[in-house]
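Hi,

Here is the structure I promised to pass on. Have a look at it first, and then read my notes underneath.

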Amino acid sequence: MSRLRAQSRTSPAQLASLAVLGDVDRPATLTVDDLRTGWEQHRAEVVFECATSGPRRHRFEGPLLREVVLDSHPLFDARRRKDRSRFVLSVTGGDGHHTVLAWAEVDADFGNAPVLLATRMDGEDLDMAGSQLVVPVDRCGARYISAISRVRVRALPKDA
């Protein structure tokens with residue numbers, strides 16, 4: 001369970017925030033500070049290929065995407081693996097970039113990928129810029145979404 005503080009020190013209008021919504025019981029709007037103080041912070045030292053500027057090296061810190069989403073109570077039966085495996089996460093950045101991850105990629109019983117919602121990059125806080133999606137298992141940087149504005153949880157139909 002998250003340990004979110006009741007109030008931030010800075011007005012929410014001044015800080016970037018992201019919404020966790022969709023097929024969840026508890027939608028949430030979270031600032032980078034909320035992400036930093038509400039969940040355990042993990043580190044990832046990554047190298048990924050950027051199509052326009054070649055290899056990029058960065059150090060990121062932030063909570064695991066799955067832990068943040070689980071606090072919003074996705075509408076799956078956590079005891080049933082096949083039910084969980086039909087969910088997807090759609091991540092949108094402030095610049096319009098967008099990517100989709102299968103819940104099974106991040107679920108500890110499946111891919112267990114340590115995907116982060118970064119709160120710091122190379123030692124710098126991302127409070128004003130917004131959280132960044134970090135997919136350390138990717139060689140290509142296309143799913144590194146900056147200034148995340150939305151994480152939408154979606155269930156694919158059971159008969160699909």
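What follows is a short tour of the sheets, two buried residues and the largest pocket.

First, a caveat: this is a predicted model, so please read everything below with that in mind.

Let's start with the five-stranded sheet. It is open, its strands come in the order β2-β1-β11-β5-β6, and the pairing is mixed. The edges belong to β2 (28-31) and β6 (98-102); each has a single partner strand, so one side of each has no neighbour in the sheet. On average, neighbouring strands of this sheet are turned by 20 degrees against each other, ignoring direction.

Going through the pairings, β1 (residues 17-22) and β11 (residues 148-155) run parallel and share four bridges. V20 is bridged to V151 in β11. On to β5 and β11: these two are antiparallel, with seven bridges between them. β5 is also antiparallel to β6, this time through five bridges. V88 is a handy residue to click on here, as it sits opposite R154 in β11 and has A102 as its bridge partner in β6.

While you are in that part of the model, which side chain does the side chain of S90 meet in a polar contact? It is the side chain of H98, at 2.9 Å. S90 itself belongs to strand β5, which covers residues 87-93. Is S90 buried or exposed? Its relative accessibility is 15%, and the cut-off for buried is under 20%, so S90 counts as buried. Leaving aside residues up to four places away in sequence, S90 touches H98, T99 and V100, and also R150, V151 and R152. V151 in that list is the residue that V20 bridges to in β11.

The other sheet is open too, with four strands in the order β3-β4-β8-β9 and antiparallel pairing. Its edge strands are β3 and β9 (124-125), each of which pairs on one side only. β3 and β4 run antiparallel and are joined by nine bridges. If you want one pair to display, V46 has H58 as its bridge partner in β4.

The residue I would show you in this sheet is E61, found in strand β4 (residues 54-62). With a relative accessible area of 16%, against a cut-off of under 20% for buried, E61 is therefore buried. What does E61 touch, once residues up to four places away in sequence are set aside? Its contacts are Q41, H42 and R43, plus L117, A118, T119 and R120. Further along the chain there is D122: it comes 61 residues away from E61 in sequence, but the C-alpha atoms of the two are separated by 8.5 Å.

Last, the pocket. The largest pocket holds about 290 Å³ of space. It is lined by 17 residues, and the closest to its centre are F48, C50, G141, Y144 and S146. Two elements give two or more residues to this lining, namely β3 (42-50) and β4. Those are the strands joined by nine bridges in the four-stranded sheet, so to speak of the pocket is also to come back to that pair.

Cheers

Terms used. Residues numbered from 1 in each chain as written. Predicted model: local features only at pLDDT ≥ 70, side-chain atom pairs only at ≥ 80, totals over all residues. Heavy atoms only, no water. Buried < 20%, exposed > 50% of the residue type's maximum accessible area, 1.4 Å probe, protein only. Contact = heavy atoms within 4.5 Å. Polar contact = N/O pair within 3.5 Å; in protein donor to acceptor, adjacent residues only side chain to side chain. Pairing = 2+ DSSP bridges. Axes fitted to C-alpha atoms, helices over the stretch in contact; angles between N-to-C directions. 1 Å grid on protein atoms, 1.4 Å probe; cavity = no way out; pocket = protein on both sides within 12 Å on 5 of 7 lines; lining within 4 Å. Points joined across faces, edges and corners; volume = space filled by probe spheres on them.
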